[in-house]
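User: I'm new to this one, and I keep wondering how the labels people use for a model like this get decided. Could you walk me through it?

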There are 2 protein chains.
Amino acid sequence: MRQSATAKKIMLSAEALFAEQGFAETTMREITSAANVNLAAVNYHFGSKKGLIAAVAEKYLTPLVTHLNDAIDERLLLKPDSTPTTEELLEMLMRTLLQVGKSKQFALPVFMRLLELIYMKNQDELRNAMIIRYRSAFAHFIELLRQDSAVMKDEEFFWRLHFLMGSIIFTLSNFQTLVALEMREFERAAEVEMTLHRMIPVLVAGLHARADSTPFSRL
Amino acid sequence: MRQSATAKKIMLSAEALFAEQGFAETTMREITSAANVNLAAVNYHFGSKKGLIAAVAEKYLTPLVTHLNDAIDERLLLKPDSTPTTEELLEMLMRTLLQVGKSKQFALPVFMRLLELIYMKNQDELRNAMIIRYRSAFAHFIELLRQDSAVMKDEEFFWRLHFLMGSIIFTLSNFQTLVALEMREFERAAEVEMTLHRMIPVLVAGLHARADSTPFSRL
DNA sequence: ATATGTTTGAAACGAATATTTGAAAATTAT
DNA sequence: ATAATTTTCAAATATTCGTTTCAAACATAT
């Protein structure tokens, strides 16, 4: 068998704990005791904590990028005469997130922790490894997004893309926190799917907004 | 004197290191050796590392909220017959960030680290203390933002507000990372002021976008 | 059955952390 | 000047972390 029962138990516990607490905040002792497994088992099966994180990342990101690129390819085949709109692309992205999220319980939080890891942490070698590993996988998606924003300069697009990513990462990364914040009552019934859908028109409008060339010195 | 020379040196070094690396990632030894001060000095003057963080937070957030609320009051006095638009309000916020950023060198990164602390970390007591301490200070600003988005439901506004915060926090929190990413060349000349200004029309458009009631099952 | 390779387990290791201690030094008050 | 108080300092303490060790248990093949 490709992965022993112990390794599977470790993976499952690690996914849940990583999703809930983040990578750095989760200790080996937490993982192994949650998995009812000896402390040394992680190092034995995955080499190190970083090896475990890399394994979790691989398990979650590979389905993500394949599903997203499949969706893109399908769209391009169905309507080969038109480039996909920003709305179409974002909907593909959200659908992909939800789709993988259905098959794997902790997919969404894990994705966000990984994005946090890539963007937030500064001196980690895991960061560079993951960038090298997955950058090209998203290249097509970004390129199509750029095509539908052709009117703006590269610089403007670069920043707006990151404003957009900020909304996505921040929102999903703090989803539990936000709904638990109980600033309002109705948030209790909030669901990820609705929130993702709610983001699309906001992101589209932001990405396509007229650039304001007025300097700050006004008013 | 209200604060000894040692305490001041600690504060200055801590601000710089916190801004650069984050709170958890900065050690007492780094702080004290950067300040040319004994390791025990932090505990003596601030009680604990958390006490030091709280002191830094107080030093930076108090000018922020007073300046922002001053700007709001001034605007309401100047044009008492109209409610401020979303664009006006966001511009006030950005100006406030920049203004405090000019008087205090590390203001912007420190703000973002604090927002990270408030939103990201889950079980910290510092988080709750800061929420209690500063929630009311931003209440007026949020309320005015709500008034200019009166057409949408509370739930919609709640989420769009957090999409917006996500863009701001994420972008400024990763400003150095993003410009250092050198995905493009021109990013080298990027400046915070321009980026903040660049965000305004994007955020306004996102906040005012037509809500899409179409469910995901389309297409 | 026996030998060989694989996995588990309890304990210890080494490095890094924040904090505490107690005496020396410096400052301040009398 | 002297005493009292405050501040500094080097060292020790306690805790937590990922990792390593090595013998025992287990599985598998011969």
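Analyst: Sure. This is a predicted model, and a good place to begin is the right-handed crossing of α4(A) and α5(A). The axes of α4(A) and α5(A), the latter being residues 86-103, come within 9 Å and cross at roughly 140°.

User: What makes α4(A) oblique to α5(A)?

Analyst: Set the angle against the cut-offs. The crossing is at roughly 140°, while roughly antiparallel needs an angle over 145 degrees and roughly perpendicular covers 65 to 115. That value fits neither class, so α4(A) and α5(A) count as oblique.

User: Which residues of α4(A) and α5(A) meet there?

Analyst: On the α4(A) side they include P63(A), L64(A), H67(A) and R75(A). Among their partners in α5(A) are E88(A), M92(A), L93(A) and V100(A). By class, this contact has nine nonpolar, three polar and two charged residues.

User: Why are α4(A) and α6(A) called roughly perpendicular?

Analyst: Here the axes of α4(A), residues 49-78, and α6(A), residues 107-119, cross at roughly 105° and come within 10 Å. The perpendicular class runs from 65 to 115 degrees, and roughly 105° falls inside that range, so α4(A) and α6(A) are roughly perpendicular to each other.

User: How do you know what kind of residues make the contact of α4(A) with α6(A)?

Analyst: Look at who takes part. From α4(A) come V56(A), A57(A), Y60(A), L61(A) and L64(A), and from α6(A) come A107(A), V110(A), F111(A) and L114(A). Ala, Val, Leu, Phe and Tyr are among the residues that count as nonpolar, and the tally is nine nonpolar, no polar and no charged residues.

User: What makes α8(A) oblique to α9(A)?

Analyst: Helix α8(A), residues 139-147, packs against α9(A), residues 154-173, at an angle of about 120°, with the axes 11 Å apart. Perpendicular covers 65 to 115 degrees and antiparallel needs over 145, so about 120° leaves α8(A) oblique to α9(A). Their crossing is right-handed. In this contact I142(A), L145(A) and R146(A) of α8(A) meet D154(A), F157(A) and L161(A) of α9(A). The classes there are four nonpolar, no polar and two charged residues.

User: Now the DNA. How do you know that Y44(B) makes a polar contact with DNA strand D?

Analyst: A polar side-chain atom of Y44(B) lies 2.7 Å from a phosphate oxygen of that strand. The cut-off for a polar contact is a pair of N or O atoms within 3.5 Å, so this pair qualifies. A polar side-chain atom of N43(A) also gets in, at 3.4 Å from a sugar or linking oxygen of DNA strand D. With M28(A), a backbone N or O atom lies 2.9 Å from a phosphate oxygen of DNA strand D. The elements giving two or more residues to this surface are α2 (28-34) of chain A and α3 (41-46) of chain B.

User: And which residues are closest to DNA strand C?

Analyst: Of the 14 residues surrounding DNA strand C, the closest are T6(A), N38(A), Y44(A), H45(A) and T27(B). Sugar or phosphate supplies 57% of the strand's atoms within 4 Å of the protein, and bases supply the rest. A backbone N or O atom of K49(B) lies 3.0 Å from a phosphate oxygen of DNA strand C, and that is within the 3.5 Å cut-off.

Terms used:
Residues numbered from 1 in each chain as written. Chains lettered and ligands numbered in written order. Predicted model: local features only at pLDDT ≥ 70, side-chain atom pairs only at ≥ 80, totals over all residues. Heavy atoms only, no water. Polar contact = N/O pair within 3.5 Å; in protein donor to acceptor, adjacent residues only side chain to side chain. Helix = DSSP H or I, 4+ residues; strand = E, 2+ residues; numbered from the N terminus. Axes fitted to C-alpha atoms, helices over the stretch in contact; angles between N-to-C directions. Parallel < 35°, antiparallel > 145°, perpendicular 65-115°, else oblique. Left-handed = near helix turned anticlockwise from the far one by under 90°. Contact = heavy atoms within 4.5 Å. Near = heavy atom within 4 Å.
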